[in-house]
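Colleague: I am new to reading structures and would love a close look at one part. Could you walk me slowly through a single strand and the side chains around it?

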Amino acid sequence: GSNAGRGIIVQFEAMARECIAIALSPYHQYELGKTYVVHFGANGNLQTVIRRHVNFNEAVDLTFPSRVCSENQWIPYWICLQNGNVSAGVGKCVGKNVIGSLDDSMYNMLRSGVDAVRYVGIGNSALNRNARDLKVRNVAVMSIPAQFGLEGVPMEAQSAFVNILDMQYTNNNSSFVAGEGGLVSTEAE
């Protein structure tokens with residue numbers, strides 16, 4: 001009777017110079033072969049990487065050009081894992097402003113129920129490159145709501161390049177909402 005097997009949504013806001021790492025794991029620690037990690041602003045805030053290590057030498061991963069970290073403004077992020085697809089984006093609306101998606105549906109079909117994601121870890125994986133402190137707030141973790149049916153949350157086509165520096169802000173309490181012209185800044189409620 002639970003929606004837990006349908007997938008998971010993670011939403012949060014963060015301030016970081018680079019590389020906000022979000023781990024999705026079935027266990028309370030990183031589990032090789034079973035944990036997904038999304039790195040927002042990896043490689044000096046030039047890429048977003050979605051990855052699952054198969055073993056110590058191999059990984060299923062994709063890299064997307066993006067500049068999505070800010071050490072001066074709160075940026076909203078989201079991750080959605082559903083039907084073996086891991087999608088990541090910016091903004092308050094899950095499925096909008098998609099940075100990229102990793103199709104890992106073959107693994108998902110082979111995954112047992114005990115391997116469903118149950119834990120979320122948040123950190124900074126910039127590896128001593130003057131990453132500065134990571135600040136995180138408004139973390140929400142939830143299962144995919146039933147109203148989306150078996151198809152899950154619809155995802156718009158991913159952007160060729162997402163650059164939060166091109167977006168406008170009103171102040172430190174600003175938040176993004178998806179509008180017809182992309183992300184726009186509005187006063188936080």
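Modeller: Happily; here is a tour of strand β1 and its partners. A word on the source: this is a predicted model, where local features need pLDDT of at least 70, side-chain atom pairs count only at pLDDT 80 or more, and totals for chains, interfaces and linings use all residues. Residues are numbered from 1 along each chain as its sequence is written, and side-chain values use heavy atoms, leaving out hydrogens and water.

Let us begin with the sheet. Strands (DSSP runs of E, at least two residues, numbered from the N terminus) pair if DSSP finds at least two bridges between them. Five of them make an open sheet with antiparallel pairing, in the order β8-β7-β6-β1-β10. At the edges are β8 (98-103) and β10 (135-143), each pairing on one side only. Between β1 and β10, which run antiparallel, there are seven bridges; Ala14, for example, has Val136 in β10 as its bridge partner.

Now to the rings. Rings of Phe, Tyr and Trp (its six-membered ring) pair if their centres lie within 6.5 Å; planes under 30 degrees apart count as stacked, over 60 as edge-to-face and the rest as tilted. The structure has three such aromatic pairs. In one of them, the centres of Phe12 and Tyr77 are 5.3 Å apart and the planes stand at 25°, so this pair is stacked. Phe12 belongs to β1 (residues 8-15) and Tyr77 to β6 (residues 75-82), 65 residues apart. Buried means under 20% relative accessible area, exposed over 50%, and partly exposed in between (1.4 Å probe, protein chains only). Phe12, at 2%, is therefore buried, and Tyr77, at 1%, is buried too. Tyr77 also pairs with Phe40: their centres are 4.7 Å apart and their planes at 45°, so that pair is tilted. Phe12, Phe40 and Tyr77 thus form one aromatic cluster.

Next comes Glu13. Side chains of opposite charge can pair when their charged atoms come close. A salt bridge here is a side-chain nitrogen of Lys or Arg within 4 Å of a carboxyl oxygen of Asp or Glu. Glu13 forms one with Lys92, with the closest N and O atoms 2.6 Å apart. Lys92 is in the loop between β7 (85-90) and β8, 79 residues from Glu13. Glu13 also bridges to Arg137, again with closest N and O atoms 2.6 Å apart. Since Glu13 lies in β1 and Arg137 in β10, this pair ties together parts 124 residues apart in sequence. At 3% relative accessibility Glu13 counts as buried, whereas Lys92 at 37% is partly exposed, and so is Arg137 at 25%. Together, Glu13, Lys92 and Arg137 are linked in a network of salt bridges.

Definitions and conventions. Helix = DSSP H or I, 4+ residues; strand = E, 2+ residues; numbered from the N terminus.
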